[in-house]
Amino acid sequence: MAPTSSRLSRRRVLKSAGAAVGSGAAALLGGRMVAAQGGAPAIVTNNQGGRKFRGFVKYSNNLPSVETLTVRPLTGRQVLMRTQAAQTCYTSVDQVLMPGTPINQAIIVGHGGVGVVEAIGQQVISTRVGDRVIVNLHAACGRCFNCLRMRSDKCMNGGAANPGPSCDMGNTPVFSYTGAMSELMITNEEYVTPIFTELPAAQIAMLTCVSGCGLGMTMTNCPVEPASDVVIFGAGPVGLSAVQGAKIKGASRIIVVEPIRYRREIALKLGATDVVDPNQYRERTRIAGAGANADQFRDSLVEHLRDMCKMKTDRRWAGGGRIGPDHIIEAVGGDKLKPKVEEGPDPTGVLVLQQCWELESSAGTLATCSVGHPVGAMVQISASQWADGAKHHWPGTGGGTNDRRDSYRYVRLMETGQLDLKTLAAASYPLDKTREAYQAAADRTVVATIVTPTA
């Protein structure tokens, strides 16, 4: 049967609604007016092609710089957002501060951010124009093998969420991925989660990478339960977020190992019960003739932490016998640049990984997330312990956070005062000062820095 004129008209409306972005107050969808969530000015050029904006771009072996870019027409699942804030992740300091760092394509620097949606592709279903959103470092398709098993931090379709260049710098194609050091963010909706809150963007931006990782390790990967003992190595933005996650989950003792004094003080403010300076415990010797399942090294830091976590009884028939904490969080990594504050015993971060494994109790849980170790660096573990032990190890830079599920949960904790990310977001910088923001993060003189491209 031939379609009637009214059906044809309705089809035209629906087709245009997929790309239309409304007038800031509402968006046309299915023939009805749907109110936008925020007060953002909707941009009515549909595909956005030709729009100019500024971004912090790495396009050669030289240091990145702020450049003028031109938006390409949006593809079906792409979302274009006006950036409010983005956090400077330490893992990018080589890209930003070390000349000669190679790159094979031009990219906008960054690990996600917070913004307001100004345009969407025709296939986008999860967000609308005017939405305030968080763009996370890890894509979450919600459909792959890993996502369906609650490991969206290891989404297998992350590559599919990066279809190609989203803008141009003159004749050079530029890939945006999760780059948020720019006035606009352009990425696929697999990275984008709407959030419904009036919290400051600088605080929310901590969740896109570092805080989401730290919270995920203590609230997802490690089964932290009330009355447990948790040892956290590192009190940067990841470790300090893990401290708060452990407190929220009900841990009774939270011990933070950190060489930088001001960070130890912040850890105590945010919920740590004890802090330890690893530079006070440097003795480490191999134990000759150690058994296959016994300690291979006598390490003064490990022994001190075990003593701190010692149970009140060692009577095994009375529930005693545990040696070491219930859970361990590793959030240290290697130093890419020499800090301007106190250094730890091992700038490579490898020793900490070794100590974490040795400290872990025979049936404990260890979550690791760090990067930056030297190429070829190795951790030595007894083959017998590795093959026949009961220690649990959860690795992964995402920390187990499921962005679509947990972003709302973390925001709610911030709103109720249970989670303090304001203390971590210590300093803000405009887009033109992005390199200075990364330098402060590399110097470790503040916990974390924020770039506000459109402030």
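This report walks through a predicted model of one protein chain, from its overall make-up to a few individual residues.

## The chain as a whole

Let's start with the broad picture. The chain has 455 residues, and 53% of them count as buried. Its secondary structure comprises twelve helices and 22 strands. Among contacts with a sequence separation of 6 or more, 72% are between residues 24 or more positions apart.

## Strand S18 and its neighbours

Strand S18 covers residues 327-330, and it is a good place to begin a closer look. S18 pairs with two other strands. One is strand S13 (residues 229-233), which runs parallel to S18 and is joined to it by four bridges. Within that pairing, Val-230 has His-327 of S18 as its bridge partner. The other is strand S19 (residues 365-368), again parallel to S18 and again joined by four bridges. There, Glu-330 finds its bridge partner in Thr-368 of S19.

How do the side chains of S18 point, and are they buried or exposed? His-327 and Ile-329 point one way, Ile-328 and Glu-330 point the other way, and all four are buried. In a regular strand, side chains alternate between the two faces of the sheet.

The path onward from S18 goes through helix H9 (350-359). Together, S18, H9 and S19 form a β-α-β unit, and its hand is right-handed.

## Helix H5

Helix H5 spans residues 210-221, twelve residues in all, and its first and last C-alpha atoms are 15 Å apart. That is close to the 16 Å expected at 1.5 Å a residue.

How many of the twelve residues of H5 are buried? Eleven are, so the helix counts as mostly covered. The buried set includes Val-210, Cys-213, Leu-215, Met-217, Met-219 and Asn-221, and the glycines Gly-212, Gly-214 and Gly-216 also belong to it. What do these buried residues pack against? Their partners are strand S5 (78-87), helix H6 (237-249), S18, S19, strand S20 (392-395) and helix H11 (403-415). The two strands S18 and S19 from the β-α-β unit are thus met again here, among the packing partners of H5.

## Salt bridges

The model contains 21 salt bridges. Three of them are set out below, with the N to O distance for each.

| Pair | N to O distance | Relative accessible area |
|---|---|---|
| Lys-336 and Asp-94 | 3.4 Å | Lys-336 25%, Asp-94 22% |
| Asp-274 and Arg-253 | 2.9 Å | Asp-274 19%, Arg-253 27% |
| Glu-343 and Lys-338 | 2.4 Å | Glu-343 30%, Lys-338 61% |

The salt bridge between Lys-336 and Asp-94 links distant parts of the chain, with the two positions 242 residues apart. Lys-336 sits in the loop between S18 and H9, whereas Asp-94 belongs to helix H2 (residues 93-97). Lys-336 is partly exposed, and Asp-94 is partly exposed as well.

Asp-274 and Arg-253 form another salt bridge, and this pair also links distant parts of the chain, 21 residues apart. Asp-274 lies in strand S15 (residues 274-276) and Arg-253 in strand S14 (residues 253-257). Why does Asp-274 count as buried? Its relative accessibility is 19%, and buried means under 20%. Arg-253, at 27%, is partly exposed.

In the salt bridge of Glu-343 and Lys-338, Glu-343 is partly exposed, while Lys-338 is exposed. Elsewhere, Arg-51, Arg-82 and Glu-118 are joined into one network by salt bridges that share partners.

## Two single residues

Where is Ser-300 placed? It lies in helix H8 (residues 300-308), and it is buried, with a relative accessible area of 17%. The side chain of Ser-300 reaches the backbone oxygen of Tyr-281 at a distance of 3.5 Å. Beyond its neighbours within four places in sequence, Ser-300 is in contact with Tyr-281, Arg-282 and Glu-283.

Gly-100, by comparison, is found in the loop between H2 and strand S6 (106-108). Gly-100 is partly exposed, its relative accessible area being 48%. Which residue, 39 places away along the chain, has its C-alpha 4.7 Å from that of Gly-100? The partner is Asn-61.

Note on methods:
Residues numbered from 1 in each chain as written. Predicted model: local features only at pLDDT ≥ 70, side-chain atom pairs only at ≥ 80, totals over all residues. Heavy atoms only, no water. Salt bridge = Lys/Arg side-chain N within 4 Å of Asp/Glu carboxyl O. Buried < 20%, exposed > 50% of the residue type's maximum accessible area, 1.4 Å probe, protein only. Pairing = 2+ DSSP bridges. Right-handed = clockwise from strand over helix to strand, strands pointing away. Expected span 1.5 Å × (residues − 1). Contact = heavy atoms within 4.5 Å. Polar contact = N/O pair within 3.5 Å; in protein donor to acceptor, adjacent residues only side chain to side chain.
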